[in-house]
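Me: I'm new to this structure and would like a close look at a single part of it. Could you walk me through one strand and what surrounds it?

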Amino acid sequence: MSPLNPARVAREFPTRYRLEAARCDGCGAVSFPPRVVCPACRGRKFATVSLEPEGKVLTWTVIHVGPSSHKHEVPYALAVVELADGVRITCQIADLDPAQVAPGLPVRLEFRRIQEDGEAGVIAYGHKAVPA
């Protein structure tokens, strides 16, 4: 497994841990993760907003051969979830048999352990989707 970059982990804390996005002051577009330049209007002023953790599955795939950090979880579903604010994120579906995942499945994001970097490494936390 490749080591986690501590600087990258520190930069991503607000996004990963508090589910924060950026709303463009110019056009109102919401970017997750936050951007420096708005992809819609090229604006550069943003307000920090917290995303609602509820959404629905748009599409998914089932992972049968995962990375070594997730070998105890296979098979598992990895999905694109559209949150209530329209933001789309990719995350693992937890607490559900992958055969039961379907388009439109209502889900809620929960803060959980994602991976661990070696025996004494950084433990990365983030969001997984669970049935609502």
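Reply: Happy to help! A word to start with: a residue counts as buried under 20% relative accessible area, as exposed over 50%, and as partly exposed in between. Please keep in mind that this is a predicted model.

Let's settle on strand β7, which covers residues 106-116. Phe-111 is found in this strand. With a relative accessible area of 42%, Phe-111 falls between those two limits, so it is partly exposed. Phe-111 also belongs to a nonpolar patch on the surface, together with Ile-123 and Tyr-125. The three residues have about 250 Å² of accessible area together.

Now for the neighbours of β7. On pairing, strand β8 (residues 123-131) joins β7 in the antiparallel sense, over nine bridges. Within this pair, Tyr-125 in β8 stands opposite Arg-113. That is the Tyr-125 we just met in the patch with Phe-111.

β7 has another partner in strand β4, residues 54-63. These two strands also pair in the antiparallel sense, over three bridges. Here Glu-54 stands opposite Arg-108 in β7.

As you follow the strand on the screen, one general point may help: in a regular strand, the side chains alternate between the two faces of the sheet.

So, to picture β7, think of a strand that pairs with β4 and with β8, and that carries Phe-111, a member of the nonpolar surface patch.

Technical notes
Residues numbered from 1 in each chain as written. Predicted model: local features only at pLDDT ≥ 70, side-chain atom pairs only at ≥ 80, totals over all residues. Heavy atoms only, no water. Patch = residues over 30% accessible without salt bridge, like charges linked within 9 Å, V, L, I, M, F, W, Y side chains within 5 Å. Areas by Shrake-Rupley, 256 points an atom, 1.4 Å probe, with all protein chains shown as cover. Salt bridge = Lys/Arg side-chain N within 4 Å of Asp/Glu carboxyl O. Helix = DSSP H or I, 4+ residues; strand = E, 2+ residues; numbered from the N terminus. Buried < 20%, exposed > 50% of the residue type's maximum accessible area, 1.4 Å probe, protein only. Pairing = 2+ DSSP bridges.
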